[in-house]
Amino acid sequence: MPYHICSASLDSLRSLASTLKFVRGKPYSIKTGLLLGCVNSQGYRQIGFTYMGFSKIYKAHHVAWFIYYGCVPSNVVDHKDGVGDNNTKRNLRDVTNAQNQQNRKISQNNALGVKGVCRHPYGFKASITLNRCREVKYFKVFEDAVAWRTSRSQALHPFDNTVI
């Protein structure tokens with residue numbers, strides 16, 4: 001027997017979308033109440049569906065978006081807080097790919113801990129990009145570079161959640 005989320009209306013599903021859980025599973029294999037799917041290597045929950053012998057894997061935030069709004073998102077579904085497993089309605093938003101890139105986390109290779117600021121032979125280089133146009137400025141003092149990058153990010157990147 002295939003797994004069923006529930007047989008209720010779309011309205012009642014909307015309240016459950018952030019924590020999609022099993023209602024019925026195969027005997028002895030899945031406990032009722034467990035979260036559907038599994039978390040992939042990027043931190044996003046995935047859910048597999050089977051219909052008439054065909055299987056497809058969907059990201060849980062796409063399923064949650066469809067349940068909340070009754071349609072497929074027109075662009076990219078972004079997690080405002082950057083947590084890929086947090087699929088609450090207030091944490092999801094429909095954004096363009098460029099806006100979604102503004103909300104990227106700080107790279108693990110970032111030695112300074114500030115997005116857009118790096119060491120330079122004469123001090124520090126701060127940069128920001130919008131629509132493939134990059135602004136670059138050089139500073140002797142780290143705090144000045146951070147202040148400039150933060151002010152430019154607030155002005156140019158409204159979707160950036162890493163601004164100090």
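This report describes the fold, the two sheets, the helices packed on them and the cysteines of a predicted model.

## Overall architecture and confidence

The protein chain contains 4 helices and 8 strands, and these elements follow one another along the sequence in the pattern α-β-β-β-α-β-β-α-β-β-β-α. Of the 164 residues in the protein chain, 30% are buried, and the chain exposes about 11,100 Å², of which carbon and sulfur atoms supply 55%. When contacts between residues at least 6 apart in sequence are considered, 30% of them join residues at least 24 apart.

Because the model is predicted, its confidence values deserve attention alongside its geometry. The average pLDDT of the protein chain is 77, with 74% of the residues scoring at least 70. Confidence is lowest in helix α1 (residues 10-14), where the mean is 47, and highest in β6, where it is 91. Over residues 1-13 the pLDDT stays under 50, and for this stretch the model has 18 contacts beyond four places in sequence.

## The sheet β1-β2-β3

One open sheet consists of 3 strands in the order β1-β2-β3, with antiparallel pairing. Its edge strands are β1 (38-39) and β3 (54-59), each of which pairs on one side only. Between strand β2 (residues 45-51) and β3, which run antiparallel, there are 6 bridges, and within this pairing Gln-46 stands opposite Lys-59 in β3.

Helix α2 (residues 60-69) packs on this sheet, where it touches β2 and β3, and its direction makes about 90° with that of β3.

## Helix α2 and the residues after it

Helix α2 is mostly covered, since 7 of its 10 residues are buried. The buried positions are Ala-60, His-61, Val-63, Ala-64, Trp-65, Ile-67 and Tyr-68. The helix is followed by Gly-70, whose phi is positive, near 75°.

Beyond the helix, Cys-71 lies in the loop between α2 and β4 (76-79). Apart from its neighbours within four places in sequence, Cys-71 is in contact with Trp-65 and Phe-66, and of these two contact partners Trp-65 is listed among the buried residues of α2.

## The sheet β6-β7-β8

A further open sheet of 3 strands has the order β6-β7-β8, again with antiparallel pairing. In this sheet β6 and β8 (133-139) stand at the edges with a single partner strand each, so one side of each is left without a neighbour in the sheet. Direction ignored, neighbouring strands of this sheet are turned by 30° against each other on average. Helix α4 (residues 142-156) packs on the sheet and touches β6, β7 and β8, while its direction makes about 5° with that of β7.

Strand β6 (residues 117-120) is joined to strand β7 (residues 123-130) by 4 bridges, and the two run antiparallel. They form a hairpin with 2 residues between them, and His-120 stands opposite Gly-123 in β7. On the other side of the sheet order, 7 bridges join β7 to β8, which also run antiparallel, and here Phe-124 has Phe-139 in β8 as its bridge partner. The hairpin of β7 and β8 likewise has 2 residues between the strands, and in it Asn-131 takes a positive phi near 55°.

## Cysteines and their exposure

The structure holds 0 disulfides. Three cysteines can be described by their accessibility, for which the relevant range runs between the limit for buried residues, under 20% relative accessible area, and that for exposed residues, over 50%. Cys-38 has a relative accessible area of 47% and is therefore partly exposed. Cys-71, at 36%, is partly exposed as well, and so is Cys-118, with a relative accessible area of 33%.

These cysteines can also be placed in the fold. Cys-38 falls within β1 (38-39), an edge strand of its sheet, Cys-71 belongs to the loop between α2 and β4, and Cys-118 falls within strand β6 (residues 117-120), the element in which confidence is highest.

Methods
Residues are numbered from 1 along each chain as its sequence is written. This is a predicted model: local features need pLDDT of at least 70, side-chain atom pairs count only at pLDDT 80 or more; totals for chains, interfaces and linings use all residues. Side-chain values use heavy atoms; hydrogens and water are left out. Two strands pair if DSSP finds at least two bridges between them. Contact means heavy atoms within 4.5 Å. Axes are lines fitted to C-alpha atoms, for helices over the stretch in contact, and angles run from 0 to 180 degrees between N-to-C directions. Buried means under 20% relative accessible area, exposed over 50%, partly exposed in between (1.4 Å probe, protein chains only). A disulfide is a pair of cysteine sulfur atoms within 2.5 Å. Accessible areas come from the Shrake-Rupley method with a 1.4 Å probe; for residues, only the protein chains shown count as cover. pLDDT is the predictor's confidence in each residue, from 0 to 100.
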